[in-house]
Amino acid sequence: MKVVVIGAGTMGHGIAQVSAMAGYETVQVDATLEQAEAGVARALRNLDDGVKRGKVTVDARDAAAASLRASADIPSAVVDADIVIEAVPERMELKQSVLATADAHMPAGALLGSNTSSLSITDLQNALTHPQRVVGLHFFNPVHINPLIEVVRGRLTDETSMTAALAYVARIGKEAVVVNDSPGFATSRLGVLLGLEAMRMLEEGVAQAADIDRALELGYRHPMGPLKLTDLVGLDVRLDIARYLHEKLGAAHFKPPAILERLVADGHLGKKTGRGFYDWSES
């Protein structure tokens, strides 16, 4: 079976990696071949690291590497795909465009997934010719380690597509939670709210970032505090989600704090730029 992952960034290369590790022929697609190849390279580095840590066997790494290739052409990549997953930036128009291109060229019975963390699956479906095959497949960072996938049923999603999505989740060794389409689904709505409140606490001088995070890690057994997690996800990504939830739900607690707006405007987007709520320049 063949999986095509469109978008080779933080999430996309991880989705490609776990798909290849599960034995799927996997194609990593991005706007240029160089970007797609960079995604493949990141996946291979993860696999090499897994071997060093004793988490991945040499045979498993070699098999996954042999199953993974890069492409810059969506139509030719998806024409014989069984599963297509988009993992492009969190912008409705961009995701609709990418999904529409895939939908027009992939086989009739193939599954089409979106890795959106907050955008309406139903709104994405409404732009497509075959909306019934679209599901939300919300992975979590880092994809090769985090066991959760939020499977989101849009208003037009059929049972065949839900069954196929859950079978894919099981094959790649993840655990699914199934939710109905709603702004922020379950995980982003809760996680973003916690992160925004942590930012407001930092803004108000309640505590330092590290102490806020440690409070959640030690007191509530969170594996990572909300501010450090925001740095890993990307402050720009969190800002886009917060704005979307504030617009759709109209709740004041989803209004982005000034500190988040300011850091993004200054280009401090978290680990990927070397600075966010933490300094990552030496890590």
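Start your tour by selecting Tyr278, which counts as buried at 19% relative accessibility, since the cut-off for buried is under 20%. Keep in mind as you go that this is a predicted model.

Now add Trp280 to the selection. Trp280 is buried as well, with a relative accessible area of 15%. Turn the view until both rings show: the centres of Tyr278 and Trp280 are 6.4 Å apart and their planes stand at 65°, so this pair is edge-to-face. Next, bring up Lys228, which lies over the face of Tyr278 at 5.3 Å from the ring centre.

How many aromatic pairs does the structure hold? There are 2. For the other stop, select Tyr24 and Tyr168, a tilted pair with 5.6 Å from centre to centre and 50° between the planes. These two tyrosines link distant parts of the chain, 144 residues apart: Tyr24 is in the loop between helix 1 (12-21) and strand 2 (25-29), while Tyr168 is in helix 7. Tyr24 is buried, with a relative accessible area of 3%, and Tyr168 is buried with 1%. Show Arg171 too, and you will find this residue over the face of Tyr24, at 3.9 Å from the ring centre.

Finally, switch to a cartoon view and colour strand 7 (residues 148-153) and strand 8 (residues 175-180). The two strands pair in the parallel sense over 6 bridges. To see one bridge up close, pick Glu150, whose partner in strand 8 is Val177. Then trace the chain from strand 7 through helix 7 (residues 159-171) to strand 8: this β-α-β crossover is right-handed.

Definitions and conventions. Residues numbered from 1 in each chain as written. Predicted model: local features only at pLDDT ≥ 70, side-chain atom pairs only at ≥ 80, totals over all residues. Heavy atoms only, no water. Pairing = 2+ DSSP bridges. Helix = DSSP H or I, 4+ residues; strand = E, 2+ residues; numbered from the N terminus. Right-handed = clockwise from strand over helix to strand, strands pointing away. Phe/Tyr/Trp six-rings, centres within 6.5 Å; stacked < 30°, edge-to-face > 60°. Buried < 20%, exposed > 50% of the residue type's maximum accessible area, 1.4 Å probe, protein only. Lys NZ or Arg CZ within 6 Å of the ring centre and 35° of its normal.
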